[in-house]
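User: Please examine the structure shown below. I shall then put a series of questions about it.

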Amino acid sequence: MSTKIRRGSATGKALILAAVLAVAMPGSAYAKTAEVTVVSPGPAMGPATPFTGVSSHADCPDGLVSGGGADQAIGSDEMSNGNHVMGMVPSADGATEYTDSPGIVGTDATHWMAFGGSGSRSSDAFSTTPYAICLDSNLIRHTQVVMNKAQGPSVGLSSKLVTATCPAGTVLIGGGARTTPASVGSLKPIAGFPTFDDAEHHFGSIAAGDGERDPDSWTAVGGIGGGRGADNMTYAYAICSTDGIGLKHVSTTVRFTEVSGPNAASTGQTATVGCSRGDGQLVSGGAAISGGNVTTTDFSKATSGGPHLNGSFPSDAAGTPIADGAADPSYWTAATHSGGSPSPGSYSDVWALCLDVRHGHKR
(Lines give C-alpha, C1' and ligand atoms only; values in the text may rest on other atoms or scores of the structure.)
Protein backbone atom coordinates (compact mmCIF):
# COMPACT_ATOMS: atom_id res chain seq x y z
CA MET A 1 0.00 0.00 0.00
CA SER A 2 1.35 3.46 -0.90
CA THR A 3 0.38 6.96 0.06
CA LYS A 4 0.66 9.72 -2.53
CA ILE A 5 0.93 13.41 -1.73
CA ARG A 6 -0.84 15.55 -4.33
CA ARG A 7 1.35 18.40 -5.49
CA GLY A 8 0.06 21.78 -4.37
CA SER A 9 -2.21 20.51 -1.58
CA ALA A 10 -1.98 22.06 1.88
CA THR A 11 -1.68 18.60 3.44
CA GLY A 12 1.16 17.66 1.12
CA LYS A 13 3.08 20.84 1.91
CA ALA A 14 2.68 20.29 5.64
CA LEU A 15 3.99 16.74 5.44
CA ILE A 16 6.96 17.79 3.34
CA LEU A 17 7.78 20.58 5.84
CA ALA A 18 7.59 18.13 8.76
CA ALA A 19 9.94 15.74 6.99
CA VAL A 20 12.44 18.53 6.30
CA LEU A 21 12.36 19.68 9.94
CA ALA A 22 12.89 16.13 11.16
CA VAL A 23 16.02 15.83 9.03
CA ALA A 24 17.31 19.27 9.98
CA MET A 25 16.59 18.80 13.71
CA PRO A 26 16.61 15.06 14.44
CA GLY A 27 16.20 15.55 18.20
CA SER A 28 12.98 17.47 17.71
CA ALA A 29 11.10 14.66 15.98
CA TYR A 30 11.16 12.37 19.01
CA ALA A 31 10.48 13.85 22.42
CA LYS A 32 12.69 12.62 25.24
CA THR A 33 10.64 10.98 27.97
CA ALA A 34 11.06 9.79 31.57
CA GLU A 35 8.19 8.23 33.48
CA VAL A 36 8.23 6.23 36.71
CA THR A 37 5.97 3.75 38.44
CA VAL A 38 6.12 2.80 42.12
CA VAL A 39 6.10 -0.93 42.89
CA SER A 40 5.54 -2.14 46.45
CA PRO A 41 4.46 -5.68 47.38
CA GLY A 42 3.50 -4.78 50.94
CA PRO A 43 5.19 -5.45 54.30
CA ALA A 44 7.55 -8.25 55.22
CA MET A 45 6.93 -9.01 58.89
CA GLY A 46 9.76 -9.12 61.41
CA PRO A 47 12.30 -9.32 62.81
CA ALA A 48 10.50 -10.81 65.80
CA THR A 49 13.64 -11.68 67.78
CA PRO A 50 16.49 -9.42 68.94
CA PHE A 51 19.69 -8.96 66.92
CA THR A 52 18.27 -10.39 63.70
CA GLY A 53 17.20 -9.04 60.32
CA VAL A 54 14.51 -9.38 57.67
CA SER A 55 14.71 -8.77 53.92
CA SER A 56 12.09 -7.92 51.32
CA HIS A 57 12.10 -6.90 47.68
CA ALA A 58 10.14 -4.97 45.06
CA ASP A 59 10.57 -5.81 41.38
CA CYS A 60 10.12 -3.73 38.23
CA PRO A 61 8.20 -5.81 35.65
CA ASP A 62 8.81 -3.08 33.06
CA GLY A 63 11.65 -0.59 33.00
CA LEU A 64 14.73 -0.27 35.18
CA VAL A 65 15.05 0.51 38.88
CA SER A 66 16.27 4.11 39.33
CA GLY A 67 15.99 4.10 43.10
CA GLY A 68 13.88 2.89 45.95
CA GLY A 69 13.24 2.91 49.63
CA ALA A 70 11.64 1.34 52.67
CA ASP A 71 9.03 2.12 55.30
CA GLN A 72 8.82 0.37 58.65
CA ALA A 73 6.06 -0.40 61.11
CA ILE A 74 7.50 -0.17 64.62
CA GLY A 75 4.55 -0.47 67.01
CA SER A 76 3.60 2.05 69.66
CA ASP A 77 5.17 0.77 72.90
CA GLU A 78 8.78 0.89 74.11
CA MET A 79 9.64 -1.98 71.77
CA SER A 80 9.40 0.55 68.92
CA ASN A 81 12.94 1.64 69.75
CA GLY A 82 14.35 -1.62 68.42
CA ASN A 83 13.34 -1.60 64.75
CA HIS A 84 15.61 0.15 62.24
CA VAL A 85 16.42 0.18 58.54
CA MET A 86 19.46 -1.99 57.76
CA GLY A 87 19.64 -1.30 54.04
CA MET A 88 17.97 -0.10 50.84
CA VAL A 89 19.83 -1.30 47.74
CA PRO A 90 19.50 -2.26 44.07
CA SER A 91 19.68 -5.97 43.29
CA ALA A 92 20.18 -8.15 40.22
CA ASP A 93 17.46 -10.64 41.16
CA GLY A 94 15.69 -9.47 44.32
CA ALA A 95 17.44 -12.11 46.43
CA THR A 96 21.15 -11.29 46.36
CA GLU A 97 23.23 -8.18 47.02
CA TYR A 98 26.21 -6.59 45.29
CA THR A 99 28.90 -7.03 47.98
CA ASP A 100 32.07 -8.20 46.20
CA SER A 101 34.83 -5.96 44.81
CA PRO A 102 34.04 -2.23 44.51
CA GLY A 103 33.41 -0.78 41.06
CA ILE A 104 30.75 -1.38 38.44
CA VAL A 105 29.00 -4.42 39.87
CA GLY A 106 25.88 -4.75 37.74
CA THR A 107 23.90 -3.47 34.76
CA ASP A 108 20.20 -2.90 34.09
CA ALA A 109 19.07 -3.75 37.64
CA THR A 110 15.30 -4.23 37.90
CA HIS A 111 14.98 -5.17 41.60
CA TRP A 112 15.14 -3.29 44.91
CA MET A 113 15.85 -4.83 48.31
CA ALA A 114 14.97 -3.43 51.73
CA PHE A 115 16.37 -4.74 55.01
CA GLY A 116 15.12 -4.28 58.55
CA GLY A 117 16.99 -5.08 61.75
CA SER A 118 16.29 -5.29 65.47
CA GLY A 119 18.40 -4.24 68.42
CA SER A 120 17.93 -5.59 71.91
CA ARG A 121 14.15 -5.13 71.55
CA SER A 122 11.89 -6.80 69.00
CA SER A 123 8.18 -7.13 68.38
CA ASP A 124 5.66 -9.04 66.30
CA ALA A 125 4.52 -5.61 65.09
CA PHE A 126 7.79 -4.95 63.24
CA SER A 127 7.75 -4.96 59.45
CA THR A 128 9.60 -3.48 56.47
CA THR A 129 7.91 -2.48 53.21
CA PRO A 130 10.10 -2.04 50.10
CA TYR A 131 9.45 0.52 47.34
CA ALA A 132 11.00 0.31 43.88
CA ILE A 133 11.03 3.30 41.54
CA CYS A 134 10.74 1.84 38.04
CA LEU A 135 11.99 4.12 35.26
CA ASP A 136 10.78 4.01 31.67
CA SER A 137 12.74 6.41 29.47
CA ASN A 138 13.52 6.50 25.76
CA LEU A 139 16.78 8.30 26.58
CA ILE A 140 18.08 6.28 29.55
CA ARG A 141 17.61 2.74 28.27
CA HIS A 142 20.39 1.09 30.28
CA THR A 143 21.89 1.59 33.73
CA GLN A 144 24.89 0.47 35.74
CA VAL A 145 25.36 0.02 39.47
CA VAL A 146 28.56 1.27 41.11
CA MET A 147 29.37 -0.03 44.59
CA ASN A 148 31.92 1.10 47.15
CA LYS A 149 32.45 -0.29 50.64
CA ALA A 150 34.53 0.18 53.78
CA GLN A 151 35.04 -1.67 57.02
CA GLY A 152 33.28 -0.12 60.00
CA PRO A 153 32.01 1.59 61.99
CA SER A 154 33.54 -0.63 64.64
CA VAL A 155 33.99 1.67 67.65
CA GLY A 156 31.03 2.62 69.82
CA LEU A 157 29.23 5.90 69.03
CA SER A 158 31.05 6.32 65.72
CA SER A 159 30.20 6.41 62.01
CA LYS A 160 31.70 5.40 58.67
CA LEU A 161 31.16 7.33 55.43
CA VAL A 162 31.49 5.68 52.01
CA THR A 163 30.92 7.23 48.56
CA ALA A 164 30.23 5.58 45.20
CA THR A 165 30.81 7.71 42.09
CA CYS A 166 29.35 7.31 38.60
CA PRO A 167 31.77 6.96 35.65
CA ALA A 168 32.52 10.09 33.62
CA GLY A 169 29.99 10.82 30.93
CA THR A 170 27.06 9.26 32.82
CA VAL A 171 24.20 10.58 34.96
CA LEU A 172 23.43 9.69 38.59
CA ILE A 173 19.76 8.72 38.92
CA GLY A 174 19.69 7.07 42.35
CA GLY A 175 21.54 5.26 45.09
CA GLY A 176 21.42 3.07 48.16
CA ALA A 177 23.01 2.30 51.53
CA ARG A 178 23.60 -0.87 53.52
CA THR A 179 25.31 -2.05 56.72
CA THR A 180 26.08 -5.59 57.86
CA PRO A 181 25.79 -7.73 59.95
CA ALA A 182 22.33 -7.59 61.56
CA SER A 183 23.68 -9.41 64.62
CA VAL A 184 25.31 -6.15 65.78
CA GLY A 185 22.07 -4.62 66.99
CA SER A 186 23.13 -0.96 67.16
CA LEU A 187 24.67 -0.95 63.65
CA LYS A 188 22.60 0.68 60.92
CA PRO A 189 22.81 3.06 57.95
CA ILE A 190 21.97 6.54 59.21
CA ALA A 191 22.26 8.33 55.86
CA GLY A 192 22.11 7.89 52.10
CA PHE A 193 22.26 10.99 49.88
CA PRO A 194 23.34 12.45 46.51
CA THR A 195 26.61 14.35 46.46
CA PHE A 196 29.61 15.28 44.31
CA ASP A 197 33.07 13.83 43.90
CA ASP A 198 34.74 17.24 44.13
CA ALA A 199 36.67 19.39 46.57
CA GLU A 200 33.72 21.70 47.24
CA HIS A 201 31.75 18.78 48.69
CA HIS A 202 34.84 17.23 50.32
CA PHE A 203 34.56 14.33 47.87
CA GLY A 204 31.23 13.10 49.19
CA SER A 205 31.38 14.17 52.84
CA ILE A 206 29.11 17.18 52.22
CA ALA A 207 25.69 16.37 50.76
CA ALA A 208 24.17 18.02 47.70
CA GLY A 209 22.08 21.04 48.68
CA ASP A 210 18.69 22.27 47.56
CA GLY A 211 18.76 23.34 43.91
CA GLU A 212 22.17 21.91 43.10
CA ARG A 213 22.47 20.33 39.64
CA ASP A 214 23.87 17.06 38.36
CA PRO A 215 25.39 15.28 41.38
CA ASP A 216 27.63 12.41 40.31
CA SER A 217 27.91 10.37 43.52
CA TRP A 218 25.95 8.71 46.32
CA THR A 219 27.17 8.60 49.92
CA ALA A 220 26.15 6.10 52.58
CA VAL A 221 26.88 6.56 56.29
CA GLY A 222 26.89 3.67 58.73
CA GLY A 223 26.36 4.48 62.41
CA ILE A 224 26.78 2.46 65.59
CA GLY A 225 25.64 2.86 69.18
CA GLY A 226 27.32 1.08 72.04
CA GLY A 227 28.06 -2.12 70.13
CA ARG A 228 31.31 -3.17 68.51
CA GLY A 229 32.17 -5.52 65.69
CA ALA A 230 35.37 -6.20 63.78
CA ASP A 231 33.44 -7.41 60.73
CA ASN A 232 31.08 -4.44 60.42
CA MET A 233 30.74 -3.14 56.84
CA THR A 234 29.15 -0.09 55.20
CA TYR A 235 28.19 -0.13 51.51
CA ALA A 236 27.29 2.73 49.16
CA TYR A 237 25.56 2.25 45.78
CA ALA A 238 25.21 4.69 42.89
CA ILE A 239 22.74 3.93 40.08
CA CYS A 240 24.02 5.57 36.91
CA SER A 241 23.10 5.81 33.25
CA THR A 242 25.43 4.34 30.66
CA ASP A 243 27.55 6.72 28.61
CA GLY A 244 26.69 7.93 25.13
CA ILE A 245 23.18 9.19 25.99
CA GLY A 246 23.91 12.80 25.02
CA LEU A 247 24.31 14.76 28.24
CA LYS A 248 23.01 17.97 26.64
CA HIS A 249 19.53 16.40 26.72
CA VAL A 250 19.48 15.51 30.41
CA SER A 251 19.91 17.21 33.78
CA THR A 252 19.12 16.41 37.39
CA THR A 253 18.12 18.76 40.21
CA VAL A 254 18.38 18.05 43.94
CA ARG A 255 15.64 19.14 46.32
CA PHE A 256 16.49 19.08 50.02
CA THR A 257 15.08 20.05 53.38
CA GLU A 258 16.19 19.62 57.01
CA VAL A 259 14.03 19.74 60.14
CA SER A 260 14.94 19.62 63.81
CA GLY A 261 14.46 16.43 65.82
CA PRO A 262 13.70 13.89 67.05
CA ASN A 263 15.21 14.95 70.36
CA ALA A 264 13.23 13.19 73.11
CA ALA A 265 13.67 9.48 73.78
CA SER A 266 11.37 7.05 71.95
CA THR A 267 10.06 9.64 69.49
CA GLY A 268 10.03 9.97 65.73
CA GLN A 269 10.18 12.72 63.12
CA THR A 270 9.44 13.01 59.40
CA ALA A 271 10.66 15.35 56.68
CA THR A 272 9.26 15.64 53.16
CA VAL A 273 10.52 17.37 50.02
CA GLY A 274 9.38 17.33 46.40
CA CYS A 275 10.39 18.08 42.84
CA SER A 276 9.26 21.57 41.90
CA ARG A 277 7.60 22.46 38.61
CA GLY A 278 10.29 22.51 35.96
CA ASP A 279 12.66 20.20 37.86
CA GLY A 280 11.51 17.10 35.99
CA GLN A 281 10.42 13.73 37.28
CA LEU A 282 11.25 12.35 40.74
CA VAL A 283 13.43 9.27 40.15
CA SER A 284 14.88 8.62 43.63
CA GLY A 285 15.42 10.05 47.09
CA GLY A 286 17.60 9.93 50.16
CA ALA A 287 17.34 10.32 53.93
CA ALA A 288 19.46 10.90 57.01
CA ILE A 289 19.36 11.43 60.74
CA SER A 290 22.30 13.68 61.52
CA GLY A 291 23.93 16.35 63.62
CA GLY A 292 22.68 18.99 61.15
CA ASN A 293 24.05 21.27 58.42
CA VAL A 294 24.77 18.32 56.16
CA THR A 295 24.86 20.43 52.97
CA THR A 296 27.39 22.94 54.31
CA THR A 297 29.70 20.89 56.54
CA ASP A 298 31.02 17.33 56.62
CA PHE A 299 28.34 14.85 57.68
CA SER A 300 28.23 14.42 61.44
CA LYS A 301 26.44 11.76 63.45
CA ALA A 302 23.89 12.73 66.09
CA THR A 303 25.55 12.55 69.50
CA SER A 304 23.38 9.78 70.93
CA GLY A 305 23.88 6.14 69.97
CA GLY A 306 20.24 5.33 69.24
CA PRO A 307 19.08 7.60 66.36
CA HIS A 308 18.16 5.64 63.25
CA LEU A 309 16.04 5.57 60.09
CA ASN A 310 12.61 3.96 59.97
CA GLY A 311 11.89 5.00 56.41
CA SER A 312 12.93 6.64 53.16
CA PHE A 313 10.20 6.38 50.54
CA PRO A 314 8.17 8.03 47.76
CA SER A 315 5.20 9.89 49.22
CA ASP A 316 2.58 12.56 48.76
CA ALA A 317 3.04 16.11 50.04
CA ALA A 318 1.78 15.06 53.49
CA GLY A 319 4.35 12.28 53.82
CA THR A 320 1.98 9.36 53.19
CA PRO A 321 3.69 6.49 51.30
CA ILE A 322 2.71 6.12 47.65
CA ALA A 323 0.58 3.07 46.80
CA ASP A 324 1.70 0.17 44.66
CA GLY A 325 1.26 0.94 40.95
CA ALA A 326 1.08 4.71 41.33
CA ALA A 327 2.63 6.72 38.50
CA ASP A 328 4.99 9.69 38.61
CA PRO A 329 5.19 10.60 42.32
CA SER A 330 6.63 14.03 43.16
CA TYR A 331 7.65 13.79 46.85
CA TRP A 332 10.07 11.88 49.06
CA THR A 333 9.82 11.39 52.84
CA ALA A 334 12.38 10.48 55.51
CA ALA A 335 11.17 8.87 58.75
CA THR A 336 13.61 9.01 61.67
CA HIS A 337 13.61 7.86 65.30
CA SER A 338 15.64 8.72 68.41
CA GLY A 339 15.82 5.24 69.91
CA GLY A 340 15.53 4.65 73.63
CA SER A 341 17.62 7.60 74.81
CA PRO A 342 17.29 11.37 74.39
CA SER A 343 19.01 12.65 71.26
CA PRO A 344 19.51 16.41 71.62
CA GLY A 345 20.77 18.16 68.51
CA SER A 346 19.39 15.60 66.07
CA TYR A 347 18.13 16.61 62.63
CA SER A 348 16.10 14.81 59.98
CA ASP A 349 17.20 15.27 56.36
CA VAL A 350 15.52 14.33 53.09
CA TRP A 351 16.50 14.59 49.41
CA ALA A 352 14.55 14.25 46.17
CA LEU A 353 16.45 13.68 42.91
CA CYS A 354 14.56 15.06 39.90
CA LEU A 355 15.35 14.07 36.30
CA ASP A 356 14.67 16.36 33.31
CA VAL A 357 15.23 14.74 29.90
CA ARG A 358 13.37 17.37 27.90
CA HIS A 359 15.57 20.41 28.27
CA GLY A 360 18.88 19.62 29.91
CA HIS A 361 21.35 22.47 30.34
CA LYS A 362 24.94 23.38 29.60
CA ARG A 363 27.41 21.52 31.79
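Analyst: At 4% relative accessibility, Cys-134 counts as buried, where buried means under 20% relative accessible area, exposed over 50% and partly exposed in between (1.4 Å probe, protein chains only). This is a predicted model, in which local features need pLDDT of at least 70 and side-chain atom pairs count only at pLDDT 80 or more, while totals for chains, interfaces and linings use all residues. Residues are numbered from 1 along each chain as its sequence is written, and side-chain values use heavy atoms, with hydrogens and water left out.

User: Which residue forms a disulfide with Cys-134?

Analyst: A disulfide is assigned to a pair of cysteine sulfur atoms within 2.5 Å. The sulfur atom of Cys-134 has its partner 2.1 Å away. That partner is itself buried, with a relative accessible area of 7%. The residue is Cys-60.

User: How many residues apart in sequence are the parts that Cys-60 and Cys-134 tie together?

Analyst: Helices (H or I, at least four residues) and strands (E, at least two) are DSSP runs, numbered from the N terminus. Cys-60 lies in the loop between β3 (53–59) and β4 (64–73), whereas Cys-134 belongs to strand β8 (residues 127–137). The torsion about their S-S bond is about -85 degrees, so the disulfide is left-handed. The parts tied together by Cys-60 and Cys-134 are separated in sequence by 74 residues.

User: In which strand does the partner of Cys-166 lie?

Analyst: Cys-166 is joined by a disulfide to Cys-240, S to S 2.1 Å. Cys-166 sits in the loop between β10 (159–165) and β11 (172–180). Both Cys-166 and Cys-240 are buried, and their link is left-handed, with -90 degrees about the S-S bond. The strand that holds Cys-240 is β14.

User: What is the torsion about the S-S bond of Cys-275 and Cys-354?

Analyst: Cys-275 and Cys-354 are joined with an S to S distance of 2.1 Å. The pair links distant parts of the chain, 79 residues apart: Cys-275 in the loop between β16 (268–274) and β17 (281–290), and Cys-354 in strand β20 (residues 347–356). Cys-275 and Cys-354 are both buried. The disulfide is left-handed because the torsion is about -95 degrees.

User: What pattern do the disulfides of the protein follow?

Analyst: The structure holds three disulfides. With bonded cysteines counted along the chain, the pattern is 1-2, 3-4, 5-6.

User: Which strand gives the most to the largest nonpolar core?

Analyst: A nonpolar core is a set of buried Ala, Val, Leu, Ile, Met, Phe, Trp, Tyr and Cys residues joined through side-chain atoms within 4.5 Å. The largest one has 78 residues, and those touching the most other members are Ala-132, Leu-135, Ala-238, Phe-299, Trp-351 and Leu-355. With seven residues, the strand that gives the most to this core is β14 (residues 233–241).

User: What share of the contacts with a separation of 6 or more joins residues 24 or more positions apart?

Analyst: The protein comes to two helices and 20 strands. Contact means heavy atoms within 4.5 Å. For residues 24 or more positions apart, the share is 81%.

User: Over which residues is the pLDDT below 50?

Analyst: pLDDT is the predictor's confidence in each residue, from 0 to 100. Its mean over the protein is 90, and 90% of the residues reach 70 or more. The stretch with values below 50 has six contacts in the model beyond near neighbours in sequence, and comprises residues 1–29.
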